[in-house]
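User: I'd like to learn how to read salt bridges in a structure. Could you walk me through some cases?

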Amino acid sequence: MARTWDAFLSYSRGASGPLAVALERGIEQFARPWNRLRACNVFRDDSSMSANPALWGTIENALREAEHLILLATPEAAQSAYVDREVGWWVEHKGVGGMLLVVQQGSMAWDATSRSFTPESPIPPSLRGAFPEEPRWVDATWFVTEATDPTAGARFQDLVADLAAPIRGIPRDELIGDDVAQHRKTRRLTRAAIATLSVLLVAAVGAAIIALIQSNEVARQAEKVARQAEEVARQSEEIGEQATSIAARQLSALASGLLPTDLRLASLLAAGGIEMEDSSLARTVLLEATVSTPNLDHFRTFPSDITVVAPDGGSTVAVGTRDGTVYTLGTAPGAAPAERLDLGEPVERVAIAASADVVLARGQSRVGVAQGGQDPVYIDMPEGNALWGLAVAPDGARWALSATLYRVGSEPSSAIQLYSTGDLDPDTTLEDPLFTAGGDFQHSTQDMSFVDDTTLRVMSLRSTWTTTDLSDDASAEPMSVPWNPWTDLFDTPPTLDVVIRAAQTDASRVDIWPTAEAPGNDAPLFADVALASPSWLTLSPDRSRLLAVDSTGIYLVPVEDSEGAAEGVARRLSGVADVTDGAFLADSQSFVLAADDALSVWHVQSLGRAVDASAIRPLDECTAIPYFNDCRASAIGVSATGQSMYTYDLESRTLEVAAVPGSSGERPSMTWTMPGDEFALRNPAWVSGKPPAPLVWLDDATLATIWPGQPPDASQVPAGIVAWGLGLPRDGADAIELLEAHLNEDGTVSVAASDGRILVLDAATGGAVEAIELSAADGESGYDSARFSNDGITVTLTDPGEYDVATVTAGPDKVRIFEVSTRKLMTELEVPAGMVLIDATVVDGTLVVVFDGGPVWLIDESGAGETRTVSSTAARNLGGLQDSRLIIRDDGIVGIPTANGLELVDVTTATRVNSIPLPYGYESAVRAYAFEPNGGALITTLYGASPEATIATRLELDPAVQVDVACATAGSVVTAGEWETLIGVLTPADPPCS
């Protein structure tokens, strides 16, 4: 049943927390009848609100129900927006009746003339002028100065009585008498209880004597109690495990929801979820956090919200915060911020020299300069002047400040003062400016920047700029770009080397003008991106990329010139929200974003936070079959220990064998152009992106190639590769192709042939062991693909059906599952008309059938039971001849290549687990995937736009490693405020990543 409230406590937590707690308990217990829990109910936010409620709604309900409001008056409470809102609600809805004033700090005084409290009185704004006459208030200023426990003395009891009397509606003297009477009554009851317990003690002694006599019965009962205790302990353990499981699921669910907007907090909660319980949900969310936003490298948090950032000429940034502190921070992981300045007011601008030795910052009324290890210098500006731009020369020798000066009898003017860093004078003011700007600069100099050590560029709020040579004070003619202040937003990077313009509403593109040359009406550079209410724009130093923030998110956009040349595609960034500032670093490949108290470091070409990479051989250009839109393709295979891998170039038939990225192996890279015959051009295996001879790892050092006809001469085969030939027909309609090979646990290799046979070979010699005859395909060309299950027990064959020359069609496709050893046909499935089959194979007893742009079917390999589906509309035909086959992990997870990356499906639960996106810049790259045999990593080959961008990557899938990555990404632990807001309970002693 909901509680009703006799009184509501309004106070500032920082100033009045202990007194509020003591008054709540004192008023509720004062003169309490012995048979009641409380004499009355007092609402105090921390003790009366459940975890994570709708905050104001709960408070408003309590205010509505309460008959009295107790205000603990302090200067902090007078300035608190929350206290003012509570008091304002009370005055608006209930007047000042029922309000009790307690003065804890400050001086309370009544001005009889104005019939109001004096300005120095510590009351909130909403209470001023509310009382028609001087109210009574209770003095509690002694509470914080009391040498001993302030709640133990008579003064506190008097304070409680002064408040409890009007709340209870009982005169104070009568209420104090009731309290004394209740105290005496309690003492009488205590004496009676002691007497009763004494009698019971005598009885217990007697019972003990009897128990000694009946020792056998006691032993039996003791054994029974022990068994009951064990059962209670077991149930308690189960309850504890259930509670832990619920908490772990809560952390994982919260982490998943936070990924788009707060990757730092999501990473911490994902790590906490799996540390509590290693479940499929926890693993899914942890992997999602690991691969989400691969361009975001790590976070660094600060004690206060970040207001502004500025880069130096390398990889260091200056960071200004709301509490007035300025830091410098290297952007490498693990770098610690160095405190450089403390303005004592929110930082609005920062500037940093190229060497990072000189750092400047300004607030509204003062400027701070830090140079090397010297003490900072602070310059206070005359009251009434407005500070604007701040700049430091690259060598740090001089810096400049602009301000709008307001002098009596004169028009306001924008003044720029030049300072020498090595000869700072704290008494310097803007009375003698370097020069006074006119025209567009007269009232508003927004920003400025040193072009070099002696050239200063100044920008006005009206997108007009001028450049001044400080060596001879010569200024160039002002320049400007077309700009409508009512409809356009314009911005500049810290270097002021360009002006960026976008429409404030529904911008379809962003225009960019270099400031070093006279601009025209048409921008020479632009970014093709649609923005809704953009708020912040900046450009990389090499002018290749734009960062834009609007009401929908953050965008990284390639910049185009008049010929439309651009590098990469536009991408929306996730992982942070509410960005207040940011900047590119000097290399144009990295940038930082500030949101709340966290600075995030990003790398444009990053492949991910848990990814190792190494160079591989680029694919050759497509020339063999010109009617394919892209005949390039790559196959990939990983050895049993995950140390070695091969890649195969379809076009040139070039095999490369190398060490897996990040592995401990020292295997040198080796390439071999595999021989082939003209029939290979018509080979179904070739057309589907496979090598002319199936490949299978025998061990880390040996890769077997299995040829349908005669193998290459041994002199042509490089070391580490063996070539076996099966002597099958190679000409005409009788030609037989090899589709798939599998290494079995018994030391044999199974090879699936297009005629429906499984050829079993000795893995040591390649010699024939047996041939297992399965049923033949319907069409003359035979089966066109085969997939062995991971254990080699079953094989899935795809039959394209009879080819019709007249209609140039085949089909319908049929999928058949055979148990290899018994030759038993376990299941046959006909692909429905209109559906494009991508792949089919057996995983842990389940046939997984993948279609292009449709659901994934999961069917028991025996054909019994209902078909389960995993809904998806992903495009899985990668175009041309790329390998679109699914990959299998031993835990029942399959990876399905899609146009956007790799889709992960859990066969056991029939759920779509996750998706692993393609890195930035590789959205249209040819690629291939493979799991390491132990499932610990995902290997991907990515063939980018240049040889330098052709790489193999290894994504770590071990949860223990991913936890380390998540913690390193976050760069901090969950704060007490974050934990209590999200979880609703006190922060644990060892929060995630601590």
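User: Let's start with E60: is E60 buried, partly exposed or exposed?

Analyst: Happy to help, and keep in mind that this is a predicted model. E60 is partly exposed, at 23% relative accessibility.

User: Which residue does E60 meet in a salt bridge?

Analyst: The general idea is that side chains of opposite charge can pair when their charged atoms come close. Here the partner of E60 is R64, with 3.7 Å from N to O. The two residues lie four apart in helix α3 (residues 55–65), so about one helical turn separates them. R64 is partly exposed as well, with a relative accessibility of 44%.

User: How far apart are the closest N and O atoms of R889 and D891?

Analyst: They are 2.6 Å apart, and the pair forms a salt bridge. Now look at accessibility: R889 has a relative accessible area of 15%, so this residue counts as buried, the cut-off being under 20%. D891, at 41%, is partly exposed.

User: And what about E903, buried or exposed?

Analyst: E903 is buried, with a relative accessible area of 3%. Its salt-bridge partner is R912, and their closest N and O atoms are 3.1 Å apart. R912 is partly exposed, at 43% relative accessibility.

User: Which residues are joined into one network by salt bridges that share partners?

Analyst: D778, D799, K814, R816 and E828 are linked in that way.

User: Finally, how many salt bridges are there by this rule?

Analyst: The count is 27, taking a side-chain nitrogen of Lys or Arg within 4 Å of a carboxyl oxygen of Asp or Glu.

Conventions: Residues numbered from 1 in each chain as written. Predicted model: local features only at pLDDT ≥ 70, side-chain atom pairs only at ≥ 80, totals over all residues. Heavy atoms only, no water. Buried < 20%, exposed > 50% of the residue type's maximum accessible area, 1.4 Å probe, protein only.
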